[in-house]
Amino acid sequence: MQGRNKIFKRSAQLSSGRKNFTDSLAGLRKIILKDLADNFEAERELELRAKDFHSDTAECIYAAAQIWAEIFHGRHCAYIEANIPAWLSYAASTGASAVFHVIGRLSYEGGVIEQSSEKAAEYFQAAVELKNPAAMVNLARLYRRGDGVSQDETKAFELYRRAAELGNETGMIELYVRYRDGEGVQKNRRLAAHWYEKIKERLPEVADEIYETGYHYALNAAIQLRYRDGRIFQSCDADFARHYFKIALEYFWDAARYDRRETYVDIGAFYLRGHGVKKNLARALEYFDKAGSWYVLAKSYLEGEDVPQDSERAIYYFSKSGEWFYVGEIYRKAGDFDAAGKWYAKYFETYRRDRDSHEVSKIAQMYRAGEDYERAPFDEDFEGPKLPRDLDKALEYFKLADDYLAVGGIYEEEKNFAAAAESYRRVLDECKDPDEKILAEVARKCLQNLEEKE
């Protein structure tokens, strides 16, 4: 979305042909927002509004394809497909390498036009011959995987080297990683350090961009598979979904190679669920271990999703991941309040207000109300037996969560009006942000009610 917005923001600087095309995309979106869109209507709108479109505008071709994919999720676009020969002819006669590169990307991604890794490789090669560094990177990826071409790590390395020398950041990072790990070339610490120095300030940002791209493909794949209670109940386009999961996984692997280690959690989840790869619990365990996170696997065992339901294994993996709160929840729902209390206490040892206050506040509510606690609709995660009533613990945990409105309420129930007033005043003192205006108003009314009681 961000890249597409950048294209629209530059529309004032575009030629009239480019501006007409970006206007056509806006028109396409308007149809969708009115819920009138189908393939025919959208294509007709695109064709009518893009009649003055200049075929050298590669970014506009890709923007149109991305919007089409976002709206129709894997359905072909006859307008784009029909115009590809003319765009390629224009690119060949003018040397517009970006057009070859974009059509190569669309061929590899599929959905908007027919998917073909072989065609993608041909288009990337045409762009490479015109010295397009982005195409060099994408063709190198195909050689790395042997996708549409014979696998050849040496050719991949050479393409990355050429892209890096042309200033492409992904090419620079790949040279650093390859010299570091000895992929397609002998390990060379000196050259790895050389390229790392060139890219070190941008490495985290680029790794995040790579990850976000992978997440975008995973999201589009998931849209194709409708889920209910963790089970697929309707498939819109399973082949398209599988292909997009595969692309997402490739980006996640790259992000991990670029030192974004937490991406291993996503890779493990893909092996656990069979997204883009065959299900493989052993590989999933390997990647969860690399990431130092077992939450996804623990949750799967708890809910019986992707693996058989097994509370003991869920407890083991939640413990391994340091998720003590969820271990306490399992024991509480089983009715073992003593064990639950011990795990909650362990959780409080690593408690962080900015991250965990919601869970702590819920525990406090249960200690406050005991068996009479009525669960609100948004509290579904807290079903099962409630904790025994204990106002001292409720006060302790509400204070941990900085919920001093609730603290004041307990003191008021116990007729300790001075302590209640102090708690409400603390809320007023701390609610300086405009977003907390409602909390401040509640505290002010509570203070007024206390004055009436006294």
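1. In this predicted model, the contact between helices α9 and α10 involves E153, A156, F157, Y160, R161, A163 and A164 on the α9 side, and G171, M172, E174, L175, R178 and Y179 on the α10 side. Sorted by class, the residues of this contact comprise 8 nonpolar, 1 polar and 4 charged.

2. The geometry of this pair may be stated as follows. Helix α9 spans residues 153–165 and helix α10 spans residues 169–181; their axes lie 7 Å apart and form an angle of about 135°. The two helices are therefore oblique to each other. The crossing of α9 over α10 is left-handed.

3. A second helix pair consists of α8 (residues 133–145) and α13 (residues 238–257), whose axes cross at roughly 95° and come within 13 Å. At that angle, α8 is roughly perpendicular to α13. Helix α8 contributes R141, R144 and R145 to the contact, while α13 contributes E250, Y251, D254 and R257. The class count here is 1 nonpolar, no polar and 6 charged residues.

4. One salt bridge belongs to this second pair: the side chains of R145 and E250 meet with an N to O distance of 3.1 Å. Because R145 sits in helix α8 and E250 in helix α13, the bridge ties together parts that are 105 residues apart in sequence. As to the burial of the two partners, R145 is partly exposed, at 27% relative accessibility, whereas E250 is buried, at 7%.

5. Charged residues from both helix contacts also appear in a network of salt bridges that links R141, R144, E153, E174, R178, E183, D254 and R257. Of these, E153 was listed above for α9, and E174 and R178 for α10; R141 and R144 were listed for α8, and D254 and R257 for α13. In total, the structure holds 30 salt bridges.

6. Helix α15 (residues 281–291) offers a more local case, with R283 and E286 both lying in it, 3 residues or about one turn apart. These two residues form a salt bridge in which the closest N and O atoms are 3.3 Å apart. E286 also forms a salt bridge with K290, the closest N and O atoms being 4.0 Å apart. Because E286 and K290 are 4 residues apart in helix α15, about one helical turn separates them. R283 is partly exposed, with a relative accessible area of 28%; E286 is likewise partly exposed, at 33%, and so is K290, at 43%.

7. Two hydroxyl-bearing positions merit a separate remark. T170 lies in helix α10 and counts as buried, since its relative accessibility is 16%, under the 20% limit for that class. Apart from neighbours within four places in sequence, T170 is in contact with V137, R141 and Y258. R141 is among the α8 residues that meet α13 and is also a member of the salt-bridge network.

8. S116 is located in the loop between α6 (97–109) and α7 (117–129). Its relative accessible area is 16%, so S116 is buried. Not counting residues up to four places away in sequence, S116 touches S107 and Y108.

How values were computed: Residues numbered from 1 in each chain as written. Predicted model: local features only at pLDDT ≥ 70, side-chain atom pairs only at ≥ 80, totals over all residues. Heavy atoms only, no water. Axes fitted to C-alpha atoms, helices over the stretch in contact; angles between N-to-C directions. Parallel < 35°, antiparallel > 145°, perpendicular 65-115°, else oblique. Left-handed = near helix turned anticlockwise from the far one by under 90°. Contact = heavy atoms within 4.5 Å. Nonpolar A, V, L, I, M, F, W, Y, C, P; charged D, E, K, R; others polar. Buried < 20%, exposed > 50% of the residue type's maximum accessible area, 1.4 Å probe, protein only.
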